[in-house]
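Got your viewer open and your selection tool ready? Here's a walk through two chains, one stop at a time.

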Amino acid sequence: MYITLRRDTPAPGRRALSAVPANVIALGAVSLVTDVSSEMVTAVLPLYLALTLGLTPLQLGFVDALSFGVTALLRPAGGRVADRWRHKPVAAAGYALSALAKLGVLAAGTALGPLAAAIIADRTGKGVRTAPRDALIASSAPAGGEGLAFGVHRAMDTVGAFLGPLAAFAVLAATGGTYRAVFVVSFCVAAFGVVLLVLYVRDRPGPTPPVPPLRTVVRDRRLWRMCALAAGLGVFTISDFFVYLLLQRSGAVPLLYFPLLPLGTAAVYLLLAVPLGRLADRVGRARVLLGGHLALVAATLLLAGATPAAPMVVGVLLLHGLFYASTDGVLMALAAPLLPDSSRTTGLAMVQTAQASARAVSSLAAGALWAAWGARAALLVMAAGLLAAVLAAARGLR
Amino acid sequence: MKRAWLALAAALVLGAAATVYMTHTAASTPAAPPTSLRGGQLYFRDGGGQVASVSPADPDGSRQRSGLRCDRFAAAWPTAVCLTADVTNGLPATTAVILDRDLRETRRLQLAGIPSRASVSPSGRMVAWTVFVTGDSYSQGGFSTWTGILDTRTGYVVTNIENIHLYLNGGRHHAADVNYWGVTFADDDTTFYATVSTRGATYLVRGDYARWEARAVLAGVECPSLSPDATRVAYKKPASGRVPWRLAVLDLRTLRSVDLAEPQGVDDQAIWLDTRTVAYARDGDVYALAADGTGAPRVLVRDATSPTPPLIPR
């Protein structure tokens, strides 16, 4: 009797989560493992450069610009290959390239050129795999359940981001501060991620649909609208580093705790990714996406106006995490079903590139505004711009 | 089911490989009992991270180990500073330990970030350091340098000097992206030189600690080190081609610069052994080189970094 009752009326949360397809869980597990690996490297790379190689992190500043450019070009190209051929091999190639790049960093030693090449290879692998992976999540999810699928995937991904630095520092503690061991362990973890992908992730079922010529794909009005949406919102999205830098400069956060700030955002993101994904499926993805940007408007205003104290820091981090939880996966969940199955990966890659480019512009613009008029004016301009972009998008998406 | 076995096998093989590598590379060197600073000795950090000293007259002779482990070390009688990267609590942090002539700890400062530079003023009164602070993947590409100064006489410490009044091209400069690094103090314990970077350019600044201001002197000068007669700074300048940095010496009166005879790239804040010779770390050894652009670099101390000038007891 009791058992029957339970079977008939499961808890709503449980029913929703059991609706997440195994393939999405598999992709989430791959991302989790891979993120542990990549965050291990991210956490110790500056230490390794400065303490073991005697290099200045500044010297690798150009790597950021270069990998941004390479990724922006290769992401749509990888998407196109995935559309024409298969998704899983392209994603696997991206994961494998990033894994091998860990050994590349080790092999490069102090040689700046090879070191930069290894770091760029790592980020290129990330750029190439993202769109095919997101296309697989979208095609694995039941129609109308994309928001939840992306939410589950992003939450698992963020767990990996949490564990990575802990794993890195555990390796350092166990080896008496041997940075090279971190790269070797990171490679082993990444290789395990590739094994999981090969064994457990299923490519999209059925034969590859006939792929329209590239001309037709890029002329798709829905794709342009998605790119315009991502870019329009992205250009007024204040960069993470600004948020953390401003929080630190407000005096409300002791210097020592500065590196903890991103974890605050990530914790909120982790907790809210699934509920907001479900909400997006229920009330509409565009609504949640735009609502998330309003949370960022609020965070920006709070940074500009509130008295610097602990409640302000908590408020900003809560809103910042809310922004990520209601936008990162939700944008993909919004875009994927609107794009034709035959060119979805290319389309998602273009949306991601549009967003990344707009955010790069935003970062430069905010820096210039800050230098010219001060931090508060820069924040107010960004908040006003983002509010206008949200209103315009609300009208355009109707 | 077959998949699960394959996944398990992969986990075991990769886990075993990781464990074997970790146990293979785990570092362990016994530490020597602490000793005091000794006049006339040249101090440095050996390849294992331990502070040691040699006689400058016989740098290949016996090494006196101090038992102190640092990632960056600097000293000027009667003060030493030891920066260590602390990774045990899960975040990169730096501990700056200030030591007296007996290498006894007098002050301990907890800083965020990664040790980069350390220096002590010639009198031993002012201690300066630079750490790198980086975000994680949620703040891609973002980093800043935080430079701090401690006055050991008053005990007053500034953990980040970025709010010092900065003048570029004669006017007061306000910008968000101001980063300082590589402080070098003069004999008067208030004049210092340092590098500031803002809006993509770097400048040598001449700072006044007492008046809390810094004025740009020249662009493109990084990690300055003031000569004992205070007429020149040795510095590293961005170079084109295969090496990222070259060593040079700038005459502060004429603002004329001469490249030193070091063909290899050097990323270090050099020190002055005397008014005619600089020393710096390169590829794990400390080299000495004439400060006027002549001669050739010679190995001063093998397997060493963070050199100090020979200590002069006062």
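What follows is a tour of some helices first, then some strands.

A quick word before clicking: this is a predicted model, where local features need pLDDT of at least 70, side-chain atom pairs count only at pLDDT 80 or more, and totals for chains, interfaces and linings use all residues. Residues are numbered from 1 along each chain as its sequence is written, with chains lettered from A and ligands numbered from 1 in the order in which they are written.

**Stop 1: two helices in chain A**

Select residues 146–175 of chain A (helix 7) and residues 179–200 of chain A (helix 8); their axes come within 9 Å and cross at roughly 130°. Helices here are DSSP runs of H or I with at least four residues, strands are E runs of at least two, and both are numbered from the N terminus. Axes are lines fitted to C-alpha atoms, for helices over the stretch in contact, and angles run from 0 to 180 degrees between N-to-C directions. Helix 7 and helix 8 of chain A are therefore oblique to each other (under 35 degrees is roughly parallel, over 145 roughly antiparallel, 65 to 115 roughly perpendicular, and the rest oblique).

Now show side chains: A:A168, A:V171, A:L172 and A:T175 of helix 7 meet A:A181, A:V182 and A:V185 of helix 8. Contact means that C-beta atoms, placed from the backbone, lie within 7 Å. That contact has six nonpolar, one polar and no charged residues (nonpolar: Ala, Val, Leu, Ile, Met, Phe, Trp, Tyr, Cys and Pro; charged: Asp, Glu, Lys and Arg; polar: the others, Gly among them).

**Stop 2: across to chain B**

Keep helix 8 of chain A and add residues 2–25 of chain B, which is helix 1; the two axes come within 9 Å and cross at roughly 175°. Helix 8 of chain A and helix 1 of chain B are therefore roughly antiparallel. Among the residues that meet here are A:C188, A:F192 and A:Y200 from helix 8 of chain A, and B:R3, B:L14 and B:Y21 from helix 1 of chain B. By class, this contact has 19 nonpolar, one polar and two charged residues.

While you're there, colour residues 181–202 of chain A, one of the spans that the unreviewed UniProt entry marks "transmembrane region". UniProt positions use the numbering given here, feature names are shortened, and annotations may be inferred rather than shown by experiment. That span is 91% helix and 0% strand, with its end C-alpha atoms 33 Å apart.

**Stop 3: sheets in chain B**

Which strands stand at the edges of the sheet ordered 13-12-17-16-15-14 in chain B? Strand 13 (171–172) and strand 14 (179–185) do, each with a single partner strand, so one side of each has no neighbour in the sheet. The pairing in this six-stranded open sheet is mixed; two strands pair if DSSP finds at least two bridges between them.

Next comes an open, antiparallel sheet of four strands in the order 18-19-20-21. Pick residues 232–238 (strand 19) and 245–251 (strand 20) of chain B: seven bridges join them, and B:V233 has B:L250 as its bridge partner.

**Last stop: a hairpin**

Select residues 277–282 (strand 23) and 285–290 (strand 24) of chain B, antiparallel and joined by six bridges. Two residues separate these strands in the hairpin, and B:D283 in the turn has a positive phi of about 50°. Strand 24 of chain B also pairs antiparallel with strand 25 (residues 298–301) over three bridges, where B:V286 is partnered with B:V301.

Notes. Contact = placed C-beta atoms within 7 Å.
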